[in-house]
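Hi everyone, thanks for making time. I'd like to walk you through one structure today, so have a look at the screen first.

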Amino acid sequence: MMKIKLPQQETENSISLESAFRKRETKREYLDTPISLTKLSQILFAAQGRRGNDNKLTAPSAQGQYPISTYIVVNKVSGLTPGLYQFDNSDHSLVEMKTGLISEQLEEAALGEQAWVGNAAAIVVLAGNIQSMNQHFSEQPPLNKRGERYNYIEVGAIVQNMQLQGTALDIGMVLVGGFNNDKVKTILSLPTELEPSALVCMGNI
Ligand SMILES: Cc1cc2nc3c(=O)[nH]c(=O)nc-3n(C[C@H](O)[C@H](O)[C@H](O)COP(=O)(O)O)c2cc1C
């Protein structure tokens, strides 16, 4: 299993959070250029990075269950072979899962015509262990639904972090929530317990 250490993330950036809120918008058209590994690193930190020496991440999680696994479909990222990677936040690295052009297959899993899935330089796939969340929160009504709700609430918080970070770095993004779950699972060979919950397509703008 090949591990790729990601560049050290920045702790400061020139754009204020307030101006990022004003600038943030969905971008579905990207330049045909690779995004830098440094920018991808920063966006993954915003998504699910470990913020310090405790176990806490950059996004909240219901009872600290951390149900989300973060995968990256790489199309054009400088220094990376196109393929599928998993983000390991324990040492801020990528684990290579398989190589090949996967984004074109993913486009076919999207609901309706979504060319930006095929054209994106990278797609972050957030996949949640909904089964374990439903189990963990089985004392909380509605039965077998509360855990799933928490999963998707967490995905929302993660994607907002990513999009604000993307805005600061001039990386355009679209949150794609409309896709065929089974197809995405098959294309990425995800473990059965993981449910793809959001695709975040990105590229230079
Ligand atoms: C839950 C959710 C699902 C979405 N799914 C898609 C999608 O499948 N395809 C797409 O192109 N945009 C999708 N979007 C992006 C919205 O279309 C976009 O946020 C909306 O048009 C508002 O534009 P703005 O983000 O620029 O403010 C989704 C957004 C959310 C919050």
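Let's start at the ligand. The shell of residues around it splits into 3 nonpolar, 4 polar and 2 charged. By name, they are Glu25, Thr26, Arg28, Gln114, Val174, Leu175, Val176, Gly177 and Gly178. Keep in mind that what you see is a predicted model.

Okay, now the overall fold. How many helices and strands does the chain have? There are 7 helices and 7 strands. Reading from the N terminus, the order goes β-α-α-β-β-β-α-α-β-α-α-β-α-β. The radius of gyration is 16 Å, and the globule rule gives 17 Å for 205 residues, so the chain is as compact as a globular protein of that length. If you box in the C-alpha atoms along the principal axes, you get roughly 50 × 35 × 35 Å. And look at who touches whom: among contacts with a separation of 6 or more, 70% are between residues 24 or more positions apart.

Next, the inside. Of the 205 residues, 43% count as buried. In soluble globular proteins, nonpolar side chains tend to be buried together. Here, the largest nonpolar core has 56 residues. Val73, Ala122, Ile123, Leu199, Val200 and Cys201 have the most contacts inside that core. Take Leu199 and skip its neighbours within four places in sequence: Leu199 is in contact with Leu106, Val117, Ile123, Val125, Val176 and Phe179. You've met Val176 already, as one of the residues around the ligand.

Let me zoom in on one helix, α7, residues 181-188. Which residues of α7 are buried? Those are Val184, Ile187 and Leu188. Looking down the helix axis, the buried residues fall within an arc of 85 degrees, so they line one face of α7. As a reminder, an α-helix has 3.6 residues a turn, so residues three or four places apart point the same way. On the other side of α7, Asp182 and Thr186 are exposed. What does the buried side pack against? The list is β2 (68-74), β3 (83-88), α3 (103-109), β5 (122-128) and β7 (195-204). Right after α7 comes Ser189, with a positive phi near 50 degrees.

Now over to helix α6, residues 146-168, where you'll find Tyr150. Tyr150 has 22 other C-beta atoms within 10 Å, so it is buried; the cut-off for that is 20 or more. Not counting residues up to four places away in sequence, Tyr150 touches Ala62, Met133 and Phe137. From Tyr150 to Gly177 it's 27 residues along the chain, and their C-alpha atoms are separated by 16 Å.

Last stop, some backbone oddities. Most residues other than glycine have a negative phi, and most peptide bonds are trans. So where do we see something else? The bond from Pro141 to Pro142 is cis, with omega near -10 degrees. Pro142 sits in the loop between α5 (130-136) and α6. Then there's Tyr66, with a positive phi of about 45 degrees although it is not a glycine. Tyr66 is in the loop between α2 (37-48) and β2, and counts as partly exposed because it has 17 C-beta neighbours inside 10 Å. Asp170 isn't a glycine either, and has a positive phi of about 60 degrees. You'll find Asp170 in the loop between α6 and β6 (171-176). With 13 C-beta neighbours inside 10 Å, Asp170 counts as partly exposed.

That's my tour, thanks for listening!

Definitions and conventions: Residues numbered from 1 in each chain as written. Predicted model: local features only at pLDDT ≥ 70, side-chain atom pairs only at ≥ 80, totals over all residues. Near = placed C-beta within 6 Å. Nonpolar A, V, L, I, M, F, W, Y, C, P; charged D, E, K, R; others polar. Core = buried A, V, L, I, M, F, W, Y, C linked by C-beta atoms within 7 Å. Buried ≥ 20, exposed ≤ 12 C-beta atoms within 10 Å, placed from the backbone. Contact = placed C-beta atoms within 7 Å. Helix = DSSP H or I, 4+ residues; strand = E, 2+ residues; numbered from the N terminus. Rg over C-alpha atoms; globule rule 2.2 N^0.38 Å. Arc of directions from axis to C-beta.
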